[in-house]
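Here are my notes on the model you sent, set out as numbered points that can be checked against the coordinates one at a time.

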Amino acid sequence: MTYIDPHIHMVSRTTDDYQRMALAGCVAITEPAFWAGFDRSSPQGFHDYFRQLTEYEPNRAAQYGIKHFSWICINPKEAEDPGFAREVMKLIPEFLDKPNVLGIGEIGLNKNSKNELAIFEEHVALAAELDQLILIHTPHLEDKLKGTKLIMDAIASNPKIDPGRVLIDHVEEHTVEQVLDRGFWAGMTLYPDSKCTPQRATDIIECYGNERIWINSAGDWGHSDPLAVPKTRMEMARRGHTPQMIAKISFDNPHTFLSQSAKFKLDG
Ligand SMILES: [Zn+2]
């Protein structure tokens, strides 16, 4: 069975990871722009990173038969200086024209600060103006519930945004229900020691259903597991979920959301 990992930071992973993912059935990934583990010192640093995402990483993935797509933005962690953030944002339209870029992401909040929220709202306005899909990062731990509400309210205040074209990622037990109730898509991030484990993600599917929800590994430069999606498929199978149900969560749902961009094509 094939799967899609719709949120993973492959610039931080090795070619061995690509090979293991391909062997486990991965056929496509999408890679949001995010913090690289260090703050970049200039907008030019982001320009280089966006070129890496849009020009080099798709070729690396192709060696293993995996389609690579990406999302462009300045992440909330580096958006605390609005002047700097706006310089980076000027680069976004050029990269949205690239053939493998699906939209704006992963935007959102990190510490729920006023500056982060202002830059978040400007990204949302840009997505509305350019009719782009949006991928959203929600804060960690104690900031998550408050940050998720702030994010949903900010989006709701922009009448041009259809929540069905917005994926809110890193949902957990205390945020998933309201994200789905308000018409957004929800992403569960599978981490070895924070966010969701394969077991918790399967519990959430059993409690809240399988509509408008996906799973991803968000594998990056820190402690993370690029095989977290196939491991969750194994957990679901162990509990007796049908192959159709497992395919819906790990292939059909991401395929449906991402296909709202005409650029998301798995063949050819
Ligand atoms: Zn991420």
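1. N112 sits in the loop between β4 and α5, and in this predicted model its phi is near 60°, a positive value in a residue other than glycine. Most residues other than glycine have a negative phi, and most peptide bonds are trans. N112 counts as partly exposed because it has 18 C-beta neighbours inside 10 Å, whereas a buried residue would need 20 or more.

2. A second positive phi in a residue other than glycine belongs to D131, where the value is near 55°. D131 lies in the loop between α5 and β5 (133–137), and it counts as exposed because 11 C-beta neighbours fall inside 10 Å, with the limit for that class set at 12 or fewer.

3. The peptide bond that joins G105 and E106 is cis, with omega about -10°, and I would look at it alongside the strand, since E106 is found in β4 (residues 101–108). G105 also appears among the residues that I134 touches once those up to four places away in sequence are set aside; the others are G103, I104, I107, V124, A127, R165 and V166.

4. Which residues of the largest nonpolar core touch the most other members? They are I72, I134 and I168, in a core of 71 residues. Helix α10 (residues 243–258) supplies the largest share of this core, namely five residues.

5. Two packed helices are described by the angle between their axes and the distance between the axes. For helix α3 (residues 82–89) and helix α5 (residues 114–130), the axes come within 10 Å and cross at roughly 20°. That angle makes α3 roughly parallel to α5, because angles under 35 degrees fall in that class. The crossing in which α3 passes α5 is right-handed. On the α3 side the contact is made by P82, A85 and M89, which meet N115, A118, I119 and E122 in α5. By class, this contact has five nonpolar residues, one polar and one charged.

6. In helix α9 (residues 228–238), the buried residues are A228, V229, P230, T232, R233 and M236, and the elements that cover them include β1 (3–5), α8 (198–208), β8 (213–216) and α10. After α9 comes G240, whose phi is positive, near 95°.

7. Is L141 buried or exposed? This leucine is found in the loop between β5 and α6 (144–156), and it counts as exposed because it has 9 C-beta neighbours inside 10 Å. L141 is 92 residues from Y49 in sequence, and the C-alpha atoms of the two are 28 Å apart in space.

8. L266 lies in the segment after α10 and is partly exposed, with 13 other C-beta atoms within 10 Å. Leaving aside its neighbours within four places in sequence, L266 is in contact with V27, A28 and K67. From R233, one of the buried residues of α9, L266 is 33 residues away in sequence and 21 Å away in space, C-alpha to C-alpha.

Methods: Residues are numbered from 1 along each chain as its sequence is written. This is a predicted model: local features need pLDDT of at least 70, side-chain atom pairs count only at pLDDT 80 or more; totals for chains, interfaces and linings use all residues. A nonpolar core is a set of buried Ala, Val, Leu, Ile, Met, Phe, Trp, Tyr and Cys residues joined through C-beta atoms within 7 Å. Helices (H or I, at least four residues) and strands (E, at least two) are DSSP runs, numbered from the N terminus. Two residues are in contact if their C-beta atoms, placed from the backbone, lie within 7 Å. Axes are lines fitted to C-alpha atoms, for helices over the stretch in contact, and angles run from 0 to 180 degrees between N-to-C directions. Angles under 35 degrees count as roughly parallel, over 145 as roughly antiparallel, 65 to 115 as roughly perpendicular and the rest as oblique. A crossing is left-handed if the near helix is turned anticlockwise from the far one by less than a right angle, and right-handed if clockwise. Ala, Val, Leu, Ile, Met, Phe, Trp, Tyr, Cys and Pro count as nonpolar, Asp, Glu, Lys and Arg as charged, and the others, Gly among them, as polar.
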